[in-house]
Amino acid sequence: YPDALESYGKALAIVAQNNGEDHVRTAMLRTNIGDVLRVQRNYDEAQVQYEFALRIERESLPADHLYVGGTLLRLGDLQRRMGHFEAAERSFAESLTILGKTPSGQYAQALQTFGNLARAQGKFDLAAERYRESFEVFRVATGDSVYTWLTAMVEVAALTDAERYREADARALEAVAVLQRISPEDVYN
């Protein structure tokens, strides 16, 4: 991660020098820096990067641009991790409005991350519903992919949290069967 931050920092300095600090290309780099900081659990610094990027995107791009939706998704996930649930709800709501125009893997990921928020809030039935919607969008966007069926497994966890054990068991059996069929042979056997 330190090497990634150093590389992104160098790239940001070059782009800012050539195009200005508020150029949309700097927003993309700031989002990448925020991603690395978020993974490192350096949440306060990640928030600064995401909010800076979002400000630039809002000033430079149409309000419904996919970059804006993607940055809002990242910011919402960060806010969830920080326990700022109301702010996360707002970020996710706007992100889903932007990303939901077409069924895509990014929109499905947004729905799944929105499910993570409900789960963190103890709203397990709502989390399961959001995961199911994410599953359906992944299925449209990617077919019976690993992403689709791993989302089903996250739904299983939420159903279990909601004490809906029969549904969880049935969904788990279905997901495992499909994952065994579509996954490549395990080379470690």
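**Packing of the helices**

Trainee: In which helix is glutamine 49 found?

Mentor: This is a predicted model, where local features need pLDDT of at least 70, side-chain atom pairs count only at pLDDT 80 or more, and totals for chains, interfaces and linings use all residues. Residues are numbered from 1 along each chain as its sequence is written, and side-chain values use heavy atoms, with hydrogens and water left out. Helices are DSSP runs of H or I with at least four residues, strands are runs of E with at least two, and both are numbered from the N terminus. Glutamine 49 sits in helix α3.

Trainee: Does glutamine 49 count as buried or exposed?

Mentor: Use the relative accessible area (under 20% is buried, over 50% exposed, in between partly exposed; 1.4 Å probe, protein chains only). Glutamine 49 has 14% relative accessibility, so the verdict is buried.

Trainee: Which residues does glutamine 49 touch, not counting residues up to four places away in sequence?

Mentor: Contact means heavy atoms within 4.5 Å. With that cut-off, glutamine 49 touches Arg30, Ile33, Gly34 and Leu37.

Trainee: How many helices and strands does the protein chain have?

Mentor: Read the elements from the N terminus: α-α-α-α-α-α-α-α-α. The total is 9 helices and 0 strands.

Trainee: What share of the 189 residues of the protein chain counts as buried?

Mentor: Picture the chain first: its C-alpha atoms fill a box of roughly 55 × 40 × 30 Å along the principal axes. Among contacts between residues at least 6 apart in sequence, 54% join residues at least 24 apart. The buried share of the 189 residues is 41%.

Trainee: What span should helix α2 have, at 1.5 Å a residue?

Mentor: The expected span is 1.5 Å times one less than the number of residues. Helix α2 covers residues 24-39, which is 16 residues, and its end C-alpha atoms are 23 Å apart. That agrees with the expected 22 Å.

Trainee: How many of the 16 residues of α2 are buried?

Mentor: The buried residues include Val24, Leu29, Ile33 and Leu37. Arg30, Asp35 and Arg38 are also among them. Helix α2 is largely enclosed by the rest of the structure, because its buried count is 12.

Trainee: Which helices do the buried residues of α2 pack against?

Mentor: Follow the buried residues of α2 outward to their partners. Those partners are α1 (2-19), α3 (43-60) and α4 (66-81).

Trainee: Why are α2 and α3 roughly parallel or antiparallel to each other?

Mentor: Two packed helices are described by the angle between their axes and the distance between the axes. Axes are lines fitted to C-alpha atoms, for helices over the stretch in contact, and angles run from 0 to 180 degrees between N-to-C directions. Helices α2 and α3 pack at about 160°, with axes 8 Å apart. Angles under 35 degrees are roughly parallel, over 145 roughly antiparallel, 65 to 115 roughly perpendicular and the rest oblique, so α2 and α3 are roughly antiparallel.

Trainee: How do the residues of the contact of α2 with α3 divide?

Mentor: Among the residues making the contact are Ala27, Ile33 and Leu37 of α2, with Tyr50, Phe52 and Ile56 of α3. Ala, Val, Leu, Ile, Met, Phe, Trp, Tyr, Cys and Pro count as nonpolar, Asp, Glu, Lys and Arg as charged, and the others, Gly among them, as polar. The count is 10 nonpolar, 5 polar and 5 charged.

Trainee: How many charged residues are in the contact of α2 with α4?

Mentor: The axes of α2 and α4 come within 11 Å and cross at roughly 25°, so these helices are roughly parallel. Met28, Thr31, Asp35 and Arg38 of α2 meet Tyr67, Thr71, Arg74, Asp77, Leu78 and Arg81 of α4. By class there are 3 nonpolar and 2 polar residues, and the charged ones number 5.

Trainee: At what angle do α6 and α7 cross?

Mentor: Helix α6 spans residues 105-120 and α7 spans 124-142. The two are roughly antiparallel. Their axes come within 8 Å and cross at roughly 170°.

Trainee: What relative accessibility does threonine 148 have?

Mentor: Threonine 148 lies in helix α8 (residues 146-161). Leaving aside neighbours within four places in sequence, it contacts Phe135, Phe138, Arg139, Thr142 and Gly143. Threonine 148 counts as buried, at 0%.

Trainee: Is glutamate 59 buried or exposed?

Mentor: Glutamate 59 is placed in helix α3. Its relative accessible area is 55%, so glutamate 59 is exposed.
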